[in-house]
Amino acid sequence: MKRNLAMVILLLLFFSLTQAGIQTPDEFLGFPLGADRQLADYHQIIQYLKHLEASSPKLELLHLGKTTDNNDLFLAVISSEKNISQLEMYRKISNKLAHPSSVNPSEAEELIKQGKLIAFITCNIHSTEIGASQMAIEFAYELITRTDPEINFYLDNIILLLMPSANPDGQIMVTEWYRKWIGTQHEGGRMPWLYHRYVGHDTNRDFFMLNQKETKLINKVMSQDWFPQAHLDEHQMGSRGPRMFVPPFKDPMSENLSPILMRLEALYGSNMSFRLEEKGMAGVIDSWAYDSYWPGGTRTAAWKNIVSLLTEMASCNVATPIYIDEVELSGGRKGLVDYKQQINFPNPWQGGWWRLRDIIEYELVASYAFLETSAKFREDILRSFYKMNIEAINKGKQESPYAYILPTEQHDPITAAKLVEILLEHRIEVYKIQQEMIIEGCIYPEESIVIPLAQPLRSFIKEMMEPQTFPEVRLSSDGEPLYPYDVTAWSLPIQMGVTYEKINQPFNAEMQRLLYPPYPEGKFTGTSQYGYAISRRFNNTSIAINQMLKANAKVFVTSFKFNDSETQFEAGTIIIPSAKGLTSELVTIAKELHLTIHPLEQPLPEGLKEIKPIRLGLYKPWQASMDEGWTRWLLEQFEFNLTSVDNDFIKNGDLNKKLDVLIIADIDKQTIINPRPKRSSAAKFYRPLPEKYEGGIEKEGVTNIKEFVKSGGTLITLNDGCMFPIDEFPLPVINVVENSNRSEYNAPGVMIKMNVDTEHPIGWGMPETTAAFVSRSPVFVTAQSYGDVSRTVVARYPDEPLLLSGWIKGEKLLHRKAAIVDLKFGKGKVILIGFRVQHRAQPHGTFKLLFNSIHNHDLN
Ligand SMILES: [Zn+2]
């Protein structure tokens, strides 16, 4: 009620004052922006930007689309009045410089002189890092109201794209949660759920795969609509180190990045640190912590020849000020081991109060410096942008590889088409050959997909298509290599199970550019009095199973090979017996899922097994888990019906009455059982959640899950989640790397060769060899079992070189060890999947192992 009244007053103020002129953010909000314990939520931010739009010809607010939770994602375009009236023309110039194959150097010079620098700022992609969402409206206000020569110069030369929050859903959640607890001991504390419906912090790890709506919309701004030359993403970090990070970044760097781009990033960063220092703002660091190797965050832009910058501010507790004593300050990441003066950190901050307003002040200076560099170096940057793009095209014509080919013969052609869909969304040119082509003795049939490298995004294409080799950079000759910031492997074909070839010589082919992904046409080839068969090779077959079960159709599976007239079917093939009304259902499934559905010419073979509807639960801890969120997202995409299962659900028992299958994602067993740390410094710094959300499943939960399995339930555990049943049931399985230190075993996100038993129900439809995404993963040795426990190894790491992409230490520890173990335990089973089978919904090549584990519930 109070809030409604406040809204009415705000609206009245809004209408009475718009005519009088432009309100300041403080006037509009009714409190000083950045004041302690005060936040503008996303709705207020957009209301204010609408006010600015209505009051000034220098700002245009664009509605980009809907977010995951159906909020509106907005982008403010800010420039001089004259530029705003000609946005379309400048967008076209930017597009031409981004795609310069038909632009000759003198035309390019003309475009560079004429063009404006498109500068893109995104704020608050991580929702608790809320300062920038507040800063954005003050920045916008100043830019459109200041009329001094400095601002006029910026706005004449730049078109600024300003996104006040890259994840509005989370911004709203965080402000609501924060306001709720003001004045209590939970003020400024964590939320018990992710600040995005599915992926939380991983909103910024999705920029090549483009799974989430927000990522797709931001990618569209970059790759399809505006082609900015510079991008700045404003973040926050922990509280106890430097006050602010600005570029340049720290080693290692990807070999595919353009050298001039690295220099431009340093130029922008140096101007930021100069302007901050000039104003006496202490604690600014560069060349620290964040590398130039991993393309998963917004820095994917760098592989598209866009200057791609990141700033990180020390956080306070959301909007609550904190006091930091100097004894609490620490270094500890690459580039600053000890918290003391260094060349990249010449003015350490000495401790004291730290508040939201400080964050806004530093960010304003950095944002202005971003505009200053963009405006002063406008022509140089536009020229570099053009040159990087044209050089990429030329290199692609002169250097091997000249192209990648996806042959028509694919294990799962639907997933191969998905890979092309991702490339198209990044605006990569992809072609289909129209005639058989013979290159280097290989025959590529008509319809094979060609991705030529002679195009502006050559760096990005190479980064996505080839295996990664991690560049080991050492700070001393006997030192350890610098540790990667995130994972070390992302090669799309390897993780999606798609076959590709490199073309190492110039080639000529009749090709047609693809405007849409080449999904196979689904085929329903005729009716049968007996039934229909669908191959298990396609990931989409799992959706078909779920749709048929929802439509109450009978779904069977064959556990053996069989022949139907001329056609041979593999073990795992889905069989749907003929029934009334089934045909139209199957026609739709074939069409929408791109599947081929075979009518059987002979009676159904004997001994088929039935897949029954499954009551599926996914454990959701109150210590929010991104892997839980990704699992939920992926299972929803593949149309599994699932229940989120919290601690109370498990503690209340009777699980078999409610569930058939329970999944525990990559969550460590302490978080599951009782997340309060018991020992070490973590226990000292632990901050409890509100009582309702504290604790885990506790002892009774462990007993209940064990009872659930003993009485016939299936428990599926992923990666580190496997240690929960191994230790607590316990199971006759050892994790051989459990006690290894980082110099013995280190796999920070790497693709590893794995063999799969394709005769086992979990391996049905899989190729015999695939890539497992291994990241801080357990490695299993099983033991002789006895009593009512028995084990089958479903997937294993062979005794040969294993590394397919990325960086691993202690690879030998994996040789001849188990990756997936299926254990019978009482009447039920535990399926241990000891790697990241669905990591960030990227490894399409192994999704099926998870889906099969679920559908396998009642089968053996
Ligand atoms: Zn962040």
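**Figure legends: overall fold and the surroundings of Thr215**

The protein contains 26 helices and 39 strands, these being DSSP runs numbered from the N terminus (helices: H or I, at least four residues; strands: E, at least two). The model is predicted, so that local features need pLDDT of at least 70 and side-chain atom pairs count only at pLDDT 80 or more, whereas totals for chains, interfaces and linings use all residues. Residues are numbered from 1 along each chain as its sequence is written, and side-chain values use heavy atoms, with hydrogens and water left out.

**View 1. Overall dimensions of the protein.** The C-alpha atoms fill a box of roughly 85 × 65 × 65 Å along the principal axes. The radius of gyration is 28 Å, in agreement with the value near 29 Å for a compact globule of 860 residues; it is taken over C-alpha atoms, and the globule rule is 2.2 Å times the number of residues to the power 0.38.

**View 2. Burial of Thr215 in helix H10.** Thr215 lies in helix H10, which covers residues 213-226. With a relative accessible area of 2%, Thr215 is buried (under 20% relative accessible area, 1.4 Å probe, protein chains only). Of the 860 residues in the protein, 60% are buried.

**View 3. Contacts of Thr215.** Beyond its neighbours within four places in sequence, Thr215 is in contact with Thr203, Asp206, Phe207 and Leu210 (heavy atoms within 4.5 Å). The side chains of Thr215 and Asp206 form a polar contact at 2.8 Å (a pair of N or O atoms within 3.5 Å, one able to donate a hydrogen and the other to accept it).

Key. Buried < 20%, exposed > 50% of the residue type's maximum accessible area, 1.4 Å probe, protein only.
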